Amino acid sequence: MTEVQLLQTIGLSVLGLGGAILLFVKARFVRVVAFVSIVLGGFTLVALSIPQMASLPPAVEKFDVTSIQDKKELASIGQKIFFGKAQCALCHTIGTGEGRCPDLKGVGAKLTRGFLYESLTQPQAYIYKDYEHVGQPKFFPAKMPYINKKPIALSNNEILAVIAFLQNMSGEEVTIELSEIEAPGPASTARKGEL
Ligand code: HEC
């Protein structure tokens, strides 16, 4: 029995007991107590019927370099990073229309790999503006963050995986080679918390 079910059972028994007392006991004080417990039990049951949602921080994606078999897998890791750790979807949509930021549908076909990398790591080098309206293009209300710096701070492997995802979801060939993904080598190359 889960915690909620246990509490619901207790609430129901309090309600039932209160009801029974109201039906069979004549003493006024006891009846008042029973009435109060029915009201409180009722409130408790209503409160417990509201679905509970624990808000947890985004799951930490394990980037197990050795387990990646092919580019599709790299792209699917990139997808998890895109929607999870990197929080790209907070700003960007994919195919559902531009909001605060450019929609990324087909961006892997529109931009070259180098340009994609630059968009993520030097977002201010080339600013893509909002053209989806009549008149002069204007800045988007939000600002593209540096993906390789804090707070998002993706490792190079993770950035490559995200690029693989952007290319893959645009129907393009993934041009990230698996050999480019650095293995977690000796302490010198693998910085703490990166891989
Ligand atoms: C705080 C909101 C925000 C977040 C988070 C964000 N972006 Fe952006 N992004 C923007 C804005 C605004 C632009 C357009 C302005 C510019 O080019 O800097 C942009 C531009 C881009 C572009 C270039 C689009 C084009 O058509 O030229 C790419 C690619 C991109 N973002 C990918 C990503 C990825 C991948 C992530 C997650 C790792 C991400 N963004 C996270 C706001 C955001």
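A residue belongs to the shell around the ligand if its C-beta atom, placed from the backbone, lies within 6 Å of the ligand. I jot that down before anything else, along with a reminder that this is a predicted model.

**Entry: the ligand shell**

I looked up who sits around the ligand. There are 26 residues, and Ala86, Cys88, Cys91, Tyr128 and Met144 come nearest. Helix H4 (107–110) and H5 each give two or more residues to this shell. Which element gives the most? H5 does, with 3 residues. I then sorted the shell by kind and got 21 nonpolar, 3 polar and 2 charged residues.

**Entry: the nonpolar core**

Next I turned to the largest nonpolar core, which has 27 residues. Ala161, Val162, Ile163, Ala164, Phe165 and Leu166 have the most contacts inside this core. Helix H3 (71–83), helix H5 (113–121) and helix H6 (156–169) each give two or more residues to the core. H6 gives the most, with 9 residues. I picked Leu166 for a second look: leaving aside neighbours within four places in sequence, Leu166 is in contact with Leu104, Val107, Gly108 and Leu116.

**Entry: helix H6**

Is H6 mostly covered or mostly exposed? I found it mostly covered, as 13 of its 14 residues are buried. I also checked its length. At 1.5 Å a residue, the 14 residues of H6 should span 20 Å, and the C-alpha atoms at its ends are 20 Å apart, so the two agree. Last, I looked just past the helix: Gly171 follows H6, and its phi is positive, near 75 degrees.

Key: Residues are numbered from 1 along each chain as its sequence is written. This is a predicted model: local features need pLDDT of at least 70, side-chain atom pairs count only at pLDDT 80 or more; totals for chains, interfaces and linings use all residues. A nonpolar core is a set of buried Ala, Val, Leu, Ile, Met, Phe, Trp, Tyr and Cys residues joined through C-beta atoms within 7 Å. A residue is buried if 20 or more other C-beta atoms lie within 10 Å of its own, exposed if 12 or fewer, and partly exposed in between; C-beta atoms are placed from the backbone. Helices (H or I, at least four residues) and strands (E, at least two) are DSSP runs, numbered from the N terminus. Two residues are in contact if their C-beta atoms, placed from the backbone, lie within 7 Å. Ala, Val, Leu, Ile, Met, Phe, Trp, Tyr, Cys and Pro count as nonpolar, Asp, Glu, Lys and Arg as charged, and the others, Gly among them, as polar. The expected span of a helix is 1.5 Å times one less than its number of residues.
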